[in-house]
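The following exercises ask the reader to work through one protein model. Each task is followed by a solution in steps.

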Amino acid sequence: MKLAATRLSKRTALAVGIATIVFAGTAALRFGAAPSHADDTAVLVGNVGPDFTISLTYPDGTPVTQLAPGPYQINVTDQATVHSFHIEGPGVSQATDISGTGSFTWNITFTDGGYVFHCDQHFTLYGTFQVGTGQPPMVWPPVAPIVSVPVAPPPVTTVATGTAATSSSSSSAATGSAQVTATAPRGRLIATVGPANTVTLTLGGKPVTTVPAGVYSITVNDRSKKLDTTIRTIATFPATAQLSTAAFTGTKKTSVKLTTGRWKIYSSTNEGSVALFFRVS
Ligand SMILES: [Cu+2]
């Protein structure tokens, strides 16, 4: 069922893409000029859920692909406790809660540029549109790689998070030039993915809910030949890193720099089911 939902999302994304081609011309004709009076504010309809679906349409259901700059009223319905409806682009960022549902009326003024509406929890749930003509499209997802940071062994005086592997070079005087820029890890995270559709993340043997910001070593136990392990920020311009590929099974060790905010560790091959959220404070 969850796999079917994931496939549906891809099909939906494809459908949005096709709709872009089909409707771009007519939409531009219909809304060639911005509303000139506040009374004439055009109404758009946003929806997310209840299944793996998101849309932004005109009241007649036609997908929005191209708008003239100006004020719009967007009637948003969030029907899912696992999705948000987040619209953003130049000068605009407005979102519903992921866990909440409800109907909302937003008054938004769009300016020239590329925009996206998406779920904050699922990158693959999105659509894009342009405001003004000849504008660069919104590139989605606007993902930057998470910086993998060289990890120095913990100083002798701190509680070691590793074991014998790091103790031999724990003398700070003899660490060598390569470790001048290295950062001592705040701790060792252990992520386990599979063999069923599960992911766990622990620190010191306890499930991670909130951790302080900093560099962590992370050991990935990938027990599935179908699931990858990916970690990312939940942010306007998220960063992401794939820690293990779908086909890979075994153990990998790397490091990640966790910045303040919400984070997600998940499998991109089954993002709807295999996902875990945590907070970095
Ligand atoms: Cu979602």
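Two strands pair if DSSP finds at least two bridges between them, and strands (E, at least two residues) and helices (H or I, at least four) are DSSP runs numbered from the N terminus. The model is predicted, so that local features need pLDDT of at least 70 and side-chain atom pairs count only at pLDDT 80 or more, while totals for chains, interfaces and linings use all residues. Residues are numbered from 1 along each chain as its sequence is written.

**Exercise 1.** Determine which strands pair with β17, and in which sense.

Solution.
- Step 1. Strand β16 (residues 229-234) pairs with β17 in the antiparallel sense, over 4 bridges. In this pair, T230 stands opposite Q242.
- Step 2. Strand β10 (residues 144-145) runs parallel to β17 (residues 239-244), and 2 bridges join them. Here P145 faces T240.
- Step 3. As background, strands of a sheet pair through backbone hydrogen bonds, either parallel or antiparallel.

**Exercise 2.** Describe the open sheet that contains β15, and then the surroundings of N221.

Solution.
- Step 1. The open sheet has 5 strands in the order β13-β12-β11-β15-β18, and its pairing is mixed. Its edge strands, each pairing on one side only, are β13 (206-207) and β18 (250-258).
- Step 2. Between β15 and β18 there are 9 bridges in the antiparallel sense; V220 stands opposite K252 in β18.
- Step 3. N221 belongs to strand β15 (residues 214-222). A residue is buried if 20 or more other C-beta atoms lie within 10 Å of its own, exposed if 12 or fewer, and partly exposed in between, with C-beta atoms placed from the backbone. N221 is partly exposed because 16 other C-beta atoms lie within 10 Å.
- Step 4. Two residues are in contact if their C-beta atoms, placed from the backbone, lie within 7 Å. Leaving aside neighbours within four places in sequence, N221 contacts I190, A191, T192 and T251. The C-alpha atoms of N221 and I190 are 7.5 Å apart, although 31 residues separate them along the chain.

**Exercise 3.** Identify the largest nonpolar core and the strands that supply it.

Solution.
- Step 1. A nonpolar core is a set of buried Ala, Val, Leu, Ile, Met, Phe, Trp, Tyr and Cys residues joined through C-beta atoms within 7 Å.
- Step 2. The largest such core has 22 residues, and I54, F85, Y115 and F117 have the most contacts inside it. At least two of its residues come from each of β1 (42-48), β2 (54-57), β4 (70-78), β8 (113-118) and β9 (126-131).
- Step 3. Beyond four places in sequence, the residues touched by I54 include V48, F85, F117 and L125. Another core, of 20 residues, lies apart from the largest one; V215, I231, L258 and W263 are among its members.

**Exercise 4.** Locate two cis peptide bonds in the model.

Solution.
- Step 1. The bond from G49 to P50 is cis, with omega near 5 degrees; P50 is placed in the loop between β1 and β2.
- Step 2. G194 and P195 are also joined by a cis peptide bond, with omega about 5 degrees. The loop between β11 (187-193) and β12 (199-203) holds P195.

**Exercise 5.** State how confident the predictor is, overall and in two stretches.

Solution.
- Step 1. pLDDT is the predictor's confidence in each residue, from 0 to 100. The mean for the protein is 79, and 74% of its residues reach 70 or more.
- Step 2. Over residues 1-38 pLDDT stays under 50. Over residues 157-180 it is below 50 as well.
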